[in-house]
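Got your viewer open and your selection box ready? Load the model below, and we'll walk through it one pick at a time.

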Amino acid sequence: QVTLLESGGGLVQAGDSLRLSCAASGRTFSGYAMAWFRQAPGKEREFVARIMTSTGSSLYADSVKGRFAISRDNAKNLLWLQMDNLKPEDTAVYYCAASRPPWERYDYWGHGTHVTVSS
């Protein structure tokens with residue numbers, strides 16, 4: 001069982017930066033693929049970024065590529081999402097998620113942190 005707790009959301013202006021954090025419980029964090037998703041008002045939840053386990057290889061949605069960076073610290077059970085050059089369309093609730101091997105689906109979800117970007 002893994003518990004995920006996001007933090008770091010807030011209200012910012014377009015062009016600003018934010019760093020989201022996700023703290024994970026459990027002793028097997030390093031074996032999980034981790035990801036960020038977001039859900040804007042009135043829209044479906046969408047994938048933002050993913051980072052694999054020991055390799056650290058990452059994948060980004062086209063809408064955030066070049067502006068967002070996902071990273072993790074397996075020793076501290078922490079996941080981050082650095083968001084730069086934020087745009088109003090980045091406004092959403094951001095969720096972190098964990099996927100157990102064989103990493104076919106996301107098994108655990110946090111409760112989300114709100115990000116609002118004003119123009």
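Which residues does N77 touch, not counting residues up to four places away in sequence? Select N77 and you'll find C22, A23, A24, S25, G26 and F29 (contact meaning heavy atoms within 4.5 Å).

Before going on, some housekeeping: this is a predicted model, with local features needing pLDDT of at least 70 and side-chain atom pairs counted only at pLDDT 80 or more, while totals for chains, interfaces and linings use all residues. Residues are numbered from 1 along each chain as its sequence is written, and side-chain values use heavy atoms, leaving out hydrogens and water.

**Stop one: the hairpin**

Stay on N77, which sits in the loop between β7 (68-73) and β8 (78-83). Helices (H or I, at least four residues) and strands (E, at least two) are DSSP runs, numbered from the N terminus. N77 counts as buried because its relative accessibility is 16% (buried is under 20% relative accessible area, exposed over 50%, partly exposed in between, with a 1.4 Å probe and protein chains only). Check its backbone too: the β7 and β8 hairpin has 4 residues between the strands, and N77 takes a positive phi near 55° there.

Now colour β7 and β8, which pair in the antiparallel sense over 6 bridges (two strands pair if DSSP finds at least two bridges between them). Pick A69 and look across to its bridge partner in β8, Q82. Next, add β3 (residues 18-24): this strand also pairs with β8, antiparallel and over 6 bridges. Here A23 stands opposite L78.

**Stop two: the charged pairs**

Side chains of opposite charge can pair when their charged atoms come close. Searching the whole structure turns up 6 salt bridges (a side-chain nitrogen of Lys or Arg within 4 Å of a carboxyl oxygen of Asp or Glu).

Select D90 and R67, whose side chains meet in a salt bridge at 2.7 Å, N to O. D90 lies in the loop between β8 and β9 (92-99) and R67 in the loop between β6 (58-60) and β7, so this pair ties together parts 23 residues apart in sequence. D90 is buried at 0% relative accessible area, and R67 is buried too, at 10%.

Then pick R38 and E46, another salt bridge, at 2.6 Å from N to O. R38 is buried, with 5% relative accessibility, whereas E46 is partly exposed at 35%. Show R38, E46, R67 and D90 together: a network of salt bridges links them.

Last pick: K65 and D62, a salt bridge whose closest N and O atoms are 3.0 Å apart. Is D62 buried or exposed? Exposed, because its relative accessibility is 66%.
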